[in-house]
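Please work through the exercises below with the sequence and the coordinates at hand. Each task is followed by a solution in steps.

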Amino acid sequence: MIDFEETDEQKLLRSSLSSLLSSFGDEYWRQKDEKAEFPREYFDSLAKNGWFNLNVPEEYGGTGLGLSETTIAIHEAARTSGMAAADLIMAICVFAIHTIKSFAREELKRRYLREIASGKHVMSFCLTEPSAGVNTLDISTTAVRDGKEFVINGQKIWITLAHEATIMSVVARTTPKEKAAKRTGGLTIFFVDKSKIGPDGEIRAKRIDDISMRALGSNEVFFRDVRVPEENILGEEGRGWDLLPKLLNAERISTAAMSIGVGELSLSKACSYAKQRSVFGRPIGSNQAIQFPLARAKAELESAWALAQKAAWQFDNQIDCSVAANVAAYLGARAAFLAADRAMQTFGGLSFAKTSDIERHWRDSRLFRTGPVPEEMVLSFLGQHVLGLPRSY
Ligand SMILES: Cc1cc2nc3c(=O)[nH]c(=O)nc-3n(C[C@H](O)[C@H](O)[C@H](O)COP(=O)(O)OP(=O)(O)OC[C@H]3O[C@@H](n4cnc5c(N)ncnc54)[C@H](O)[C@@H]3O)c2cc1C
């Protein structure tokens, strides 16, 4: 049975991460956001202090913890330092370590898990394409077999950290849609090491001037004649679609934790300000018009967190977590944006000054209502798979 009380080990995990995070304050993240610059010092500090070992299995030299603990670390980073600090933990612990330990061949695990834990790699997850959008089955990036290798050509968009990444997981078509044995067949996920793509291969990342998590950054990515050995297939050839929920559920639980954390950060800043800012001779927080929306945001964050914990527990216990993961991501993103938006309102004009940091949390918290899974897609999933209503697309 799920225990919502955190264990002593989990509390210790929170407090030790929190002391590392305290070395990187608002000023640090504001500047990284402003310059759209990778937080290298923070990344190195996480690696040096063993945080990328968190969910590496013990037989590969790691701490061997699960998604529940990873989610707690992500939540702690978001509620102390904001979205970019948390997303970087997700990029390494979920996109890189979780993907490799769950789906890669033994040789890749032996080689890369230790390297990733030591801070040698940054990973990107390359799924979205300009012409396919949320319809993953419409992707047109191809991987064509050539002996014991595959050659990847195509274009992705909105790929977080692709300009810094040394390794990537890339979803590509190995069988054209019309020739696939079933509607969801023909997709394959490849592990790509950018330093090993053949002499004629090119991976080019073009930065997008975006508004969310600017310290990490998103990119258009172009793959030209990128050679990957067949051993780098994650899971099985042509069965990438079956693997995606296992990857995406872990991502959804992580983004829920991130949303909820950044929502709590906005809320705590708003409450401090509401107590201290005095207008009409009394703190603005004594007005119910200010206080109640903040209380409502707190209620919504609490309920989303309970669901995120449930989803992570189900995930770690190999119980289908699709409903809890999707709903936690949906509720978490909405609660975070509500909290950030109410923080904007509470700070009044001051929230429009970059130095208040509120507008950064507001911009960042908006992201997860749109991606990785837009609200409409969660509602479609619930409508079709939980409520049994007709497929809407
Ligand atoms: C900052 C940022 C970082 C990102 N990082 C990554 C990353 O690292 N890797 C990666 O692969 N992707 C990444 N993404 C992509 C993200 O997952 C997609 O933007 C998201 O899934 C939406 O896809 P789209 O933009 O193509 O929207 P579209 O598919 O064009 O959809 C537009 C809107 O229409 C709605 N819609 C579409 N079809 C339907 C329907 N049938 N019913 C109801 N509504 C519908 C969608 O929900 C959405 O609201 C990132 C995006 C952003 C903005």
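The exercises that follow concern a predicted model.

**Exercise 1. The ligand site**

Determine which residues are closest to the ligand, which polar contacts are made, and where the ligand lies with respect to the domains.

Solution.

Step 1. The shell around the ligand holds 17 residues, and the closest are Phe125, Thr128, Val134, Trp158 and Thr160. By class, the shell divides into ten nonpolar residues, six polar and one charged.

Step 2. Polar contacts are sought next, with a cut-off of 3.5 Å between N or O atoms. A backbone N or O atom of Leu127 is 3.0 Å from a ligand oxygen. In Thr160, a polar side-chain atom lies 2.8 Å from a nitrogen atom of the ligand. The side chain of Glu376 places an N or O atom 2.8 Å from an oxygen atom of the ligand.

Step 3. The ligand taken alone exposes 990 Å², of which the protein buries 67%.

Step 4. Two or more residues of the shell come from each of β3 (149-160) and α11 (375-386). The largest contribution is that of β3, with three residues.

Step 5. Domain 2 (125-239) and domain 3 (241-385) both supply shell residues, and the ligand therefore lies between them.

**Exercise 2. The cysteines**

Find how many disulfides the model contains, and explain why Cys93 does not form a bond with Cys321.

Solution.

Step 1. A disulfide is a covalent bond between the sulfur atoms of two cysteines. The test applied here requires the two sulfur atoms to be within 2.5 Å.

Step 2. For Cys93, the closest cysteine sulfur is that of Cys321, and because the separation is 18 Å, it is too far for a bond. The count for the model is zero disulfides.

Step 3. Cys93 is buried, at 0% relative accessibility. Its backbone oxygen lies 2.6 Å from a polar side-chain atom of Asn55. Asn55 is itself buried, at 3% relative accessibility, and is placed in the loop between α3 (40-48) and α4 (67-81).

Step 4. Cys271 is partly exposed, with 33% relative accessibility, and belongs to helix α7 (residues 240-276). Its C-alpha atom is 8.4 Å from that of Gln291, 20 residues apart along the chain.

**Exercise 3. Backbone geometry**

Identify which peptide bond is cis in the step from Gly371, and state what phi Trp158 and Asp225 have.

Solution.

Step 1. Most residues other than glycine have a negative phi, and most peptide bonds are trans.

Step 2. The peptide bond from Gly371 to Pro372 is cis, with omega near 0°. Pro372 sits in the loop between α10 (358-366) and α11.

Step 3. Trp158, although not a glycine, has a positive phi of about 65°. This residue is in strand β3 and is partly exposed, at 49% relative accessibility. Trp158 is also among the residues closest to the ligand.

Step 4. Asp225 likewise is not a glycine and has a positive phi, of about 50°. Asp225 is found in strand β7 (residues 218-229) and counts as partly exposed, at 31% relative accessibility.

**Exercise 4. A glutamate in a loop**

Decide whether Glu129 is buried or exposed, and state where it lies.

Solution.

Step 1. Glu129 lies in the loop between β1 (123-126) and β2 (142-146).

Step 2. The relative accessible area of Glu129 is 2%. Buried means under 20%, so Glu129 is buried.

Step 3. The C-alpha atoms of Glu129 and Asp209 are separated by 17 Å, and the two residues are 80 residues apart along the chain.

How values were computed. Residues numbered from 1 in each chain as written. Predicted model: local features only at pLDDT ≥ 70, side-chain atom pairs only at ≥ 80, totals over all residues. Heavy atoms only, no water. Buried < 20%, exposed > 50% of the residue type's maximum accessible area, 1.4 Å probe, protein only. Near = heavy atom within 4 Å. Polar contact = N/O pair within 3.5 Å; in protein donor to acceptor, adjacent residues only side chain to side chain. Areas by Shrake-Rupley, 256 points an atom, 1.4 Å probe, with all protein chains shown as cover. Helix = DSSP H or I, 4+ residues; strand = E, 2+ residues; numbered from the N terminus. Nonpolar A, V, L, I, M, F, W, Y, C, P; charged D, E, K, R; others polar. Domains from an automatic or database assignment.
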